[in-house]
Structure formats: C-alpha cells, structure tokens
Amino acid sequence: MSNATRWPSDLRAEPWGARPFTPMMYGHATILVMHRFADPDRGITGLDPRALRRALQFLRSERYPIVSLERLFQGLTGEAPPIDRAVAFTMDDGTIDQATVAAPIFEELDCPATIFVVTGYLDGALWCWWHRVEYVFETTRHREFSVMVAGLRHIIRLNDGAPRAQHARRFVDRCTRVPEIEKLRAIERLAAAAEVELPARPPARYAPMSWDDVRACEARGITFGPHTVTHPVLSRASEEQSKHEIHESWARLRAEARRPVPIFCYPNGHVGTDFGPRECATLRRLGFVGAVTSSPGDYATVGGFRSSPDAPFSVPRIDFGEDHRSFVRSVSGGLRTKHALQQQLALRRVVAPVVPGPMLDGSQDEAQGPSASPGE
C-alpha cells in the first residue's frame, strides 16, 4: 500500500475516523475468528498480543457491545433481543497459545470469547495435519522434490525465492481439495520425499492446550465449542466419517468441559465447498443451535439466520485481520461501506446506457434506455 492510499486507511483506524461508518452496522453483528498468537518462548508466530489488547480497548472505548457467541446466537434465534454492532470473538483449533497468551488478555479486559477445539488434538492422539505440512517444509534439507497428490505430480522447488511458509500454504491448499484419505496419504508422501521424520507428538510450537487448560480458561470466562476430532474438510470425508467427527467431538467436549456451547465450527469453513446439507442435518439432529463458517466480509443478521432451514448452520465469521486498520475496518462498518460502493459501481456498469454511434452499414445506432426527447 502506497503512502498516498495508506493515510486514509490510517485515519479510519482512529476512533473518530471510524465513527461515520457506524450506521452501516445497525442490524449487523461481527463474529471474529483468530488462530495463532505470538509466543517467542515457544517459537510461535502469530497475532501480537498487543494488537489484541489494543482491539479490545478500542471496542470498549467506542462502546461496542462485546458479547459471548452464545448471547449473539440468542439474538439471532429470537431467544433474546438482537444487539446492534455486537462483536463476538472466536478462536479455532485449541493451540496452547490460545490458553496461555490470548485467554489472560480476554480475562484482563473482561471480554468473553469462544474457542473451538479439535478434540483428538487435545486428547494427544494427533497433531494438526497442516502443522505437519509446515514442519516438513521448515525442516527438510532438500531444495527440490516432487509429490503425487490425487494423481498429479507437484514439483516443489525451495530455491525459487519464495518463503518456505508460502510453499507450505500452497501444499495445504491443494490438500483441502482432495478426498480425506488422499490428503493423509499425500502428507505421508510429502514427508518421505522431503526425508523428514515426523515426531509422534507435536513440537512445542504446535502443542495443543490440555483439558485442564480448557477448564482453567472456562474459569476465566472462555467458552468452548466442537471443531471435529481430526479437522478434516467434512465435504471431502465419507458420510460415516462426517457423522463421527461431529458426534464424537461433541461427546468428548461435553465430557471434559463444564459448559460447552452447542455451536459447531466447520474445519476450513468455506461455504459451498467445505460442508453441505449432510452436515447441517447431522447438527440439527444433535440439537445444535447453529454453526459458524469462514466467509470473508459477511456479517451475522437476523434476516440471514432465518432465511432458510440450513441458514443457522452457516453463520459467517470475519478474520481478525493482519493489523489494527483491517480490524477496525471490519467492525466499524468501513468494510460494509466498501462492499456497498463496489456493488453500486458494478450495478451501474451493468445498466449503463449504450452510447449512440455509427453502425457497420453507416446508419446511426439508437440509444438504448429511456427516451431523451427535449419535451420530456
């Protein structure tokens, strides 16, 4: 971003600069999603804890209602009045830094949050598959190797100037597009090709929180919801596995947490590709209130929640963002204003009148649209 375009964004990150967009958030609620939090002692890179504290202080100073996810859903279902401009915080997976870095900050500023946990990860039965991919790319000594994924050979060159983390993200993205069984086999082939031995338990930077951590966080005002057992993309799993992942993760969470929330979080969470009516039906049978997705730029509304039988199981969330500017833009209405303007411009391009001009045969083309007679 150039300095010429950066300074208006900087202004909108200030409280007085964000206030003009407030009306855009009436009738809308923001559900934010976060993942890793920086912890240098464990070698964890992620959101700077100071950025989280600054965000919470901004919301408090500007009188945004910071509510629990459960309270936000009560407003959507009609069990309680909806709250304009409400903001709810969520975190995915259940990594150790969410318990040791993020939870104390939420407690310090008296802000609720919900963590969606991968129960097999907390049980110590596995470590998250995308973390295994990252570990391979970080530790391999090879500069070039190839891996078969779903019948296609992918040549990986680590000497092409791109960061290793970028190569890892590309491979993870490929894995989300193939059947679950093939994904796991591809990761095994990746480790073999890179000649990296994957430890049985995750290294410190990839460690999960424990169930004792879950209960300690609950005492701090954090609530917990299920995020499957092994974090597969459910639409890529068999019907049997899809049901098991939802049933078992909910059962394990109820066994370990004091007050789990009946709201589910889909792995990957992209609408239209990562889950479908099959998963919605399973959640409905189990008595879930709803489920959250990862739909960039979308907000929770009463109308959206009640728009179809499956809508409660497809409630959108927005990423916290990389910095304070993007965070403020999301919660203040700046992002909604931007999207509204883009839609208006697109609509104008579609309905713009055709300018009269000469035809190929030399005759004059007539303008399309309303007549422009001087007498009208």
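**Exercise 1. Leaving aside its neighbours within four places in sequence, which residues is Thr223 in contact with?**

Before starting, note that this is a predicted model, in which local features need pLDDT of at least 70, side-chain atom pairs count only at pLDDT 80 or more, and totals for chains, interfaces and linings use all residues. Residues are numbered from 1 along each chain as its sequence is written, and side-chain values use heavy atoms, with hydrogens and water left out.

Step 1: locate the residue, which lies in strand β6; helices (H or I, at least four residues) and strands (E, at least two) are DSSP runs, numbered from the N terminus.
Step 2: apply the definition of contact, namely heavy atoms within 4.5 Å. Beyond its sequence neighbours, Thr223 then meets Ala113, Thr114, Ile115, Arg259 and Val261.
Step 3: judge its accessibility, where buried means under 20% relative accessible area, exposed over 50%, and partly exposed in between (1.4 Å probe, protein chains only). Thr223 has a relative accessible area of 16%, and therefore counts as buried.

**Exercise 2. Describe the surroundings of Leu234.**

Step 1: find Leu234 in the loop between β6 (222–226) and α11 (239–256).
Step 2: read its relative accessible area, which is 0%, so Leu234 is buried.
Step 3: list its contacts, not counting residues up to four places away in sequence; among them are Thr228, Ser242, Ile246, Phe264, Tyr266 and Glu279.
Step 4: consider a pair that is separated along the chain, since Leu234 and Phe275 are 41 residues apart in sequence while their C-alpha atoms are separated by 5.7 Å.

**Exercise 3. Test the length of helix α8 (residues 164–175) and decide how its buried residues are arranged.**

Step 1: calculate the expected span, which is 1.5 Å times one less than the number of residues. For the 12 residues of α8 this gives 16 Å, and the end C-alpha atoms are 17 Å apart, which agrees.
Step 2: pick out the buried residues of α8, which are His167, Ala168, Phe171, Val172 and Cys175.
Step 3: look down the axis of α8, using the directions from the helix axis to the C-beta atoms; the buried residues fall within an arc of 140°, so they line one face of the helix. As a general rule, an α-helix has 3.6 residues a turn, so residues three or four places apart point the same way.
Step 4: ask what covers these buried residues, and the list includes α7 (129–139), β4 (144–149), β5 (152–157) and α9 (180–194).

**Exercise 4. Carry out a similar reading for helix α12 (residues 277–285).**

Step 1: name its buried residues, which are Glu279, Cys280, Thr282 and Leu283.
Step 2: view them down the axis of α12, where they lie within an arc of 160°, so they line one face of the helix.
Step 3: turn to the other side of α12, where Pro277 and Arg285 are exposed.
Step 4: identify the covering elements, which include α11, β7 (263–265) and β8 (290–292).
Step 5: continue just past the end of α12, where Gly287 takes a positive phi of about 85°.

**Exercise 5. Decide how far the model can be read in detail.**

Step 1: take the average pLDDT (the predictor's confidence in each residue, from 0 to 100), which is 88 for the chain, with 83% of the residues scoring at least 70.
Step 2: find stretches where pLDDT is below 50, including residues 1–11, which have 7 contacts in the model beyond near neighbours in sequence, and residues 358–376, which have 15 such contacts.
Step 3: draw the conclusion that, where pLDDT is low, the predicted coordinates should not be read in detail.
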